[in-house]
Structure formats: structure tokens, C-alpha cells
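Student: I should like to understand how the descriptive terms applied to a structure are justified. May we go through them one at a time?

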Amino acid sequence: MAKNFRSRFLKLSKWSAGLFILLFAFRILYGYVAADSTSRNDYSDNFFGSIDNLRKNYASEKIAMKGDNIQAPSNMASSQKFEKTASIKAKTSEFDKDESLIKAKTKSYNAIIQYEQNLGQKGNRQIHLLIGINPAKFEDFYLELQKIGVLKDTEITKVDKTNEYRQLNAKKISIEKMLQSLTELKSKGGQIADFISLNDKILEVEEQLQGLGVELGNFNTENEFCTVRFSMYEGATEKSISFMHRTKVALEWTIKYFAIIAITSLFILIAIFVLLTIIDKLKIITTLNNKLNE
């Protein structure tokens with residue numbers, strides 16, 4: 001009897017230890033996964049993606065044209081137009097100080113703040129800046145801004161715009177020829193209604209030409225910029241959590257819930273035992289009644 005009880009006790013102890021270790025491992029793993037998930041989700045929104053008509057910045061660089069193993073002469077160099085954008089997201093507990101620092105850095109690099117949006121109340125503020133920076137200073141400026149606050153996310157994209165630039169130039173030439181033809185027609189005689197209609201058409205074409213001029217102006221050498229999109233959020237910055245602290249928290253949580261599971265299981269077993277005892281008693285009483293009634 002004692003041997004049988006000892007065997008059952010050891011078996012129960014093994015199951016209990018296994019459950020305790022499983023709960024502890026789960027809590028440790030949950031601590032890491034939950035922290036990583038929170039860190040990613042806080043800064044996943046793209047603020048600038050929801051805003052229309054933001055300034056487009058373009059830059060250019062020379063590309064040497066090469067033939068079959070022969071270096072082409074310098075006059076055959078081709079200019080590539082591109083749009084280069086860096087996105088930086090940071091969090092800070094010293095919002096006013098870091099906001100001033102951003103603007104001081106922008107000024108020191110001769111960059112231009114082309115868009116600024118401030119949101120939220122003190123303690124939960126945000127600032128979003130679109131900054132135009134000279135292509136030659138882009139990398140240094142990008143690295144400097146990453147030192148402000150606690151860096152949460154960065155991204156750089158470069159999109160070739162050479163074909164778009166060529167298409168705009170071709171469209172401009174086509175519209176200029178149309179305007180020249182319409183202007184020549186204007187010098188010829190005709191009815192007043194035709195003259196008015198022609199004049200309206202000329203005005204319409206001139207507006208198209210002006211719009212193209214603005215778009216092409218962004219590609220001009222003197223207007224060359226790369227873009228930095230900087231978003232900064234106010235709040236307490238997270239400190240790295242040590243493994244010892246995670247272990248302590250996980251152990252406390254495991255002891256608490258292991259005790260809850262053990263006590264709950266004990267009460268359930270007692271309830272089942274009492275219920276089975278009552279059923280057995282009822283069966284005995286029923287059997288006795290049946291015998292007495294025979």
C-alpha cells in the first residue's frame with residue numbers, strides 16, 4: 001500500500017513539475033514576443049502616405065555611356081533623374097529640446113523644411129517634417145538625424161525618374177508647337193466667334209505649358225534636393241529589460257497561476273469525490289428500499 005502511494009505521489013510530482021516548467025517557459029517567451037510586437041506596432045503608420053500634394057524633390061547624377069568594352073567620351077554622359085527619400089521615426093522624452101535640435105541641424109546643413117505638422121497635447125505630442133536636403137549632404141544629414149531621440153524605424157527609397165523627365169520635356173515641346181500654330185492662326189482673319197474660341201484655346205494651352213514648367217522646374221539643377229521625412233513622437237523611452245528581471249516576473253507569474261490551477265484542481269477533485277460518494281449512498285439507499293418493498 002505504501003509503495004503504491006509513493007509511486008502515485010512521484011508520478012503526480014513529475015506532472016506538477018512539468019506543468020510548472022511549461023508555464024514558466026510560456027511566460028518568458030510571451031515577455032519577449034509582446035515587447036517586440038508593441039515596439040513594431042507603435043510606429044507602423046505612415047503619416048506622410050495619407051497627405052496629398054507634398055513637394056516632390058528630384059536629383060540627378062551623371063552616368064557614363066559605354067559601348068562594347070570601349071569607354072564612351074565624356075560628352076556622351078547621360079543624366080539620370082531620381083527621387084530619393086529617407087524616412088525616420090523616433091521617440092523622445094525631451095520633445096522641446098529635440099525639436100529645437102532637429103531644426104538647428106536642418107539649418108546647419110542648409111536644408112529646407114518644406115512641410116511641418118504638429119499634433120497632440122503636451123505629453124503626447126508629435127511632429128512631422130518633410131525636409132529638402134542637397135544630394136551631396138544627404139547621407140551625413142540622414143545619419144545625424146538618427147541620433148535624435150530613440151530611433152524606432154528607418155527606410156530609404158530611390159526611384160528612377162529619368163523617363164518621366166523625358167516625357168515631360170517631350171510633352172512641353174509638343175505643347176509649344178501647338179501654341180505656335182494657334183498663335184499663327186490668330187494672325188489670320190476670320191469671324192469674331194472663331195477668334196474668341198481660338199483665343200480661349202490659346203489660354204488653355206498656355207496654362208498647360210505653365211503647369212509643365214512648374215513640374216520641370218522641380219528637375220532643374222538649382223532645385224535639386226533629396227527628401228528626409230522625419231516623424232518624432234513624445235513619450236517615455238523604453239529601457240532594455242534584463243534577463244534577470246524577466247526571470248523574476250515570469251517566476252512570480254508562474255507561482256501565482258500554478259497555485260490557482262492547483263487549488264482549483266483540488267476543489268474540483270473534492271467536488272467530484274463528494275458527488276460520487278453521494279451517488280453511491282443514493283444507490284445503497286435505493287437498493288435497500290427495493291429489498292424492503294419485495
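**Terms and their grounds**

Tutor: Let us begin with the surface. In this predicted model, Ile263, Leu266, Phe267, Ile270, Phe273, Val274, Ile278, Leu282 and Ile285 make a nonpolar surface patch of about 900 Å².

Student: What makes these residues a nonpolar patch?

Tutor: A residue of such a patch must have over 30% relative accessible area and no salt bridge, and nonpolar side chains are joined within 5 Å. Phe267 may serve as the example, with a relative accessible area of 58%. Phe267 lies in helix α6, which covers residues 243–293.

Student: Why is Phe267 called exposed?

Tutor: The term exposed requires over 50% relative accessible area. Phe267 has 58% and therefore qualifies as exposed.

Student: How is the chain as a whole arranged?

Tutor: The chain has 6 helices and 6 strands. From the N terminus on, their order is α-β-β-α-β-β-α-β-α-α-β-α. Of its 294 residues, 24% count as buried. The chain exposes about 20800 Å², of which carbon and sulfur atoms supply 58%.

Student: Why is strand β4 described as largely enclosed?

Tutor: Buried means under 20% relative accessible area. In β4, residues 126–133, 7 of the 8 residues are buried, so the strand is largely enclosed by the rest of the structure.

Student: How do you know that β4 pairs with strand β3?

Tutor: Two strands pair if at least two bridges are found between them. β3, residues 112–119, and β4 have 7 bridges in the antiparallel sense, so the condition for pairing is met. One of the bridge partners is Leu130 in β4, which faces Tyr115 as its partner. The hairpin of β3 and β4 has 6 residues between the strands, and Gly120 there takes a positive phi near 85°.

Student: With which other strand does β4 pair?

Tutor: β4 also pairs in the antiparallel sense with strand β6, residues 226–234, over 8 bridges. The bridge partner of Gly132 in β6 is Thr227.

Student: Why are the buried residues of helix α3 said to be on the same side?

Tutor: In α3, residues 138–145, the buried residues include Phe138, Phe141, Tyr142 and Leu145. They cover an arc of only 100° around the axis, and therefore they are on the same side of α3.

Student: What makes the contact between Lys84 and Glu139 a salt bridge?

Tutor: The rule asks for a side-chain nitrogen of Lys or Arg within 4 Å of a carboxyl oxygen of Asp or Glu. For Lys84 and Glu139 the N to O distance is 3.2 Å, so the rule is satisfied. The pair links distant parts of the chain, with Lys84 in strand β2 (residues 78–92) and Glu139 in helix α3, 55 residues apart.

Student: Are Lys84 and Glu139 buried or partly exposed?

Tutor: At 18% relative accessibility, Lys84 counts as buried, because the limit is 20%. Glu139 has a relative accessible area of 39% and is partly exposed.

Student: Which residue forms a salt bridge with Glu144?

Tutor: Glu144 forms a salt bridge with Lys105, their closest N and O atoms being 2.8 Å apart. Glu144 lies in helix α3 and Lys105 in helix α2 (residues 95–108), so the pair ties together parts that are 39 residues apart in sequence. Lys105 has a relative accessible area of 23% and is therefore partly exposed.

Student: Why are Lys248 and Glu252 said to be separated by about one helical turn?

Tutor: Lys248 and Glu252 are 4 residues apart in helix α6, and so about one helical turn separates them. Their side chains meet in a salt bridge at 2.9 Å, N to O. Lys248, at 47% relative accessibility, counts as partly exposed, and Glu252, at 44%, is partly exposed as well. Elsewhere, Lys56, Glu83, Lys161 and Glu164 are joined into one network by salt bridges that share partners.

Student: What is remarked about the phi of Asn110?

Tutor: Asn110 has a positive phi of about 55°, although it is not a glycine. Asn110 is found in the loop between α2 and β3. With 59% relative accessibility, Asn110 counts as exposed, because that term applies over 50%.

Methods
Residues are numbered from 1 along each chain as its sequence is written. This is a predicted model: local features need pLDDT of at least 70, side-chain atom pairs count only at pLDDT 80 or more; totals for chains, interfaces and linings use all residues. Side-chain values use heavy atoms; hydrogens and water are left out. Patches are made of residues with over 30% relative accessible area and no salt bridge: like charges are joined within 9 Å, nonpolar side chains (Val, Leu, Ile, Met, Phe, Trp, Tyr) within 5 Å. Accessible areas come from the Shrake-Rupley method with a 1.4 Å probe; for residues, only the protein chains shown count as cover. Helices (H or I, at least four residues) and strands (E, at least two) are DSSP runs, numbered from the N terminus. Buried means under 20% relative accessible area, exposed over 50%, partly exposed in between (1.4 Å probe, protein chains only). The arc is that of the directions from the helix axis to the C-beta atoms.
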